[in-house]
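Work through the exercises below with the structure in view. Try each task before reading its solution.

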There are 2 protein chains.
Amino acid sequence: MSETPAEQTKTEPVQAGEVARPPPLRLHRGISVLDLVLRIVAVAGTLASSIAMATTNQTLPFITQNFQFRAEYNDLPAFTFFVITNSIVCGYLVFSLPLSIFHIIKSAAKKSRIVLLTFDAAMLALVTAGASAAAATVYLAHKGNVNANWPAVCQQFDLFCERTSGSLIGSFGSAIMLILIISTSAVAISLL
Amino acid sequence: MSETPAEQTKTEPVQAGEVARPPPLRLHRGISVLDLVLRIVAVAGTLASSIAMATTNQTLPFITQNFQFRAEYNDLPAFTFFVITNSIVCGYLVFSLPLSIFHIIKSAAKKSRIVLLTFDAAMLALVTAGASAAAATVYLAHKGNVNANWPAVCQQFDLFCERTSGSLIGSFGSAIMLILIISTSAVAISLL
């Protein structure tokens with residue numbers, strides 16, 4: 001029984017609250033940085049979609065008695081909904097950026113990650129809803145529907161239709177980014 | 001220095017791989033059961049929506065020259081998309097049930113939970129897309145749109161419109177369930 005004081009301190013019992021294993025910090029930080037990058041891409045996507053849709057309009061060069069001469073996004077409720085949802089999600093994502101940066105610095109923040117993941121899921125639903133409603137309307141504008149007696153309007157408003165169709169890309173892209181963000185958040189939480 | 005052998009075993013150093021804290025098993029199992037219940041509710045919602053939309057049709061009692069006499073879900077592409085997406089999500093959720101039960105029995109399954117959470121997020125996007133596209137079309141059927149020269153068709157097909165509107169409820173309900181499932185999964189992963 002020739003224990004030295006140095007050995008005694010080494011074998012001190014681990015406290016109940018403390019965890020013995022160190023978290024794989026480097027991997028964890030990498031995932032947090034990826035989360036931030038994905039968020040920035042999603043911000044760009046929703047912002048571009050919002051602006052592209054909100055600023056589009058087309059005035060036809062001719063005038064007939066029973067047809068609209070000018071098309072704007074707020075002529076169709078689905079497009080208005082698209083602009084609103086994309087703006088909300090864009091705003092949310094911008095506000096989530098500081099928290100994302102905080103997660104890079106302070107890796108052990110568990111609760112805030114779960115809260116963020118839940119909001120991310122809700123925002124995924126919101127941005128998909130907006131994009132999908134607009135897509136359904138764009139489809140009807142392109143093809144029309146004989147059963148419902150709805151004519152296609154894209155022959156007249158070709159530029160308007162092109163621009164609104166294009167603005168969907170950013171929104172659907174952001175939805176995919178949000179799925180990836182949710183997935184990486186889950187991995188980050190599992191590593192804690 | 002009068003250490004007994006009993007004290008020596010008590011102060012043995014904790015191995016690097018082993019974790020000192022025991023997982024809160026009871027809470028964890030409760031969350032897994034909640035996950036299963038939410039999944040069953042979501043299955044019921046998507047199944048009901050799918051069936052309600054797919055079986056709805058209305059034949060008008062009168063015949064005119066330039067109007068459709070019979071309305072079915074596949075007259076409108078958005079409704080067909082709605083039935084397809086709800087069927088896919090319903091099928092996925094049914095297949096996820098055994099895995100959910102497995103998680104109740106074997107709480108420590110971490111990787112399978114992350115994979116499931118990622119698929120849940122993708123399915124959330126899918127079911128929301130279907131519901132939202134159908135909602136945009138139902139809205140147009142109810143209100144029409146003067147700017148696009150689309151008449152409202154719900155005056156004629158009142159029962160068809162009522163039924164399709166009603167079938168959206170189950171689908172949006174399932175989307176909310178999926179958000180809750182994602183949130184509880186994140187909590188479950190954090191407890192591991």
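**Exercise 1: A pair in chain B**

B:Asp120 and B:Arg39 form a salt bridge, with their closest N and O atoms 2.9 Å apart. The model is a predicted one. Task: find where the two partners of this pair lie, and how many residues apart they are.

Solution.
- Step 1. Place the partners: B:Asp120 lies in helix α4 of chain B, and B:Arg39 in helix α2 (residues 25-55) of chain B.
- Step 2. Note the spacing: the partners are 81 residues apart, so the pair links distant parts of the chain.
- Step 3. Recall the principle: side chains of opposite charge can pair when their charged atoms come close.

**Exercise 2: The setting of B:Asp120**

Task: decide whether B:Asp120 is buried or exposed, and list which residues it contacts beyond its neighbours within four places in sequence.

Solution.
- Step 1. Locate the residue: helix α4 of chain B, which holds B:Asp120, covers residues 111-143.
- Step 2. Apply the cut-off: buried means under 20% relative accessible area. B:Asp120 has 0%, so B:Asp120 is buried.
- Step 3. Check the partner: B:Arg39 is also at 0%, and therefore buried.
- Step 4. List the contacts, leaving aside those sequence neighbours: B:Arg39, B:Tyr92, B:Leu178, B:Ile181, B:Ile182 and B:Ser185.

**Exercise 3: A network in chain A**

Task: work out which residues are joined into one network by salt bridges that share partners.

Solution.
- Step 1. Start with A:Asp35: this residue forms a salt bridge with A:Arg39, the closest N and O atoms being 2.9 Å apart.
- Step 2. Place that pair: both residues lie in helix α2 of chain A, four residues apart, or about one turn of the helix.
- Step 3. Follow A:Arg39 onward: its side chain also meets that of A:Asp120 in a salt bridge, at 2.9 Å from N to O.
- Step 4. Place this second pair: A:Arg39 is in helix α2 of chain A and A:Asp120 in helix α4 (residues 111-143) of chain A, 81 residues apart.
- Step 5. Check burial: A:Asp35 and A:Arg39 are both buried. A:Asp120 has 0% relative accessibility, so A:Asp120 counts as buried.
- Step 6. Join the pairs: A:Asp35, A:Arg39 and A:Asp120 make one network through shared partners.
- Step 7. Set the total beside this: the structure holds four salt bridges over all chains.

**Exercise 4: A surface patch**

Task: name which residues make the nonpolar surface patch of about 210 Å², and classify A:Val37 by its accessible area.

Solution.
- Step 1. Name the members: A:Val33, A:Val37 and A:Val41.
- Step 2. Place A:Val37: this residue is in helix α2 (residues 25-55) of chain A.
- Step 3. Classify A:Val37: its relative accessible area is 45%, so A:Val37 is partly exposed.

Technical notes. Residues numbered from 1 in each chain as written. Chains lettered and ligands numbered in written order. Predicted model: local features only at pLDDT ≥ 70, side-chain atom pairs only at ≥ 80, totals over all residues. Heavy atoms only, no water. Patch = residues over 30% accessible without salt bridge, like charges linked within 9 Å, V, L, I, M, F, W, Y side chains within 5 Å. Areas by Shrake-Rupley, 256 points an atom, 1.4 Å probe, with all protein chains shown as cover. Helix = DSSP H or I, 4+ residues; strand = E, 2+ residues; numbered from the N terminus. Buried < 20%, exposed > 50% of the residue type's maximum accessible area, 1.4 Å probe, protein only. Contact = heavy atoms within 4.5 Å.
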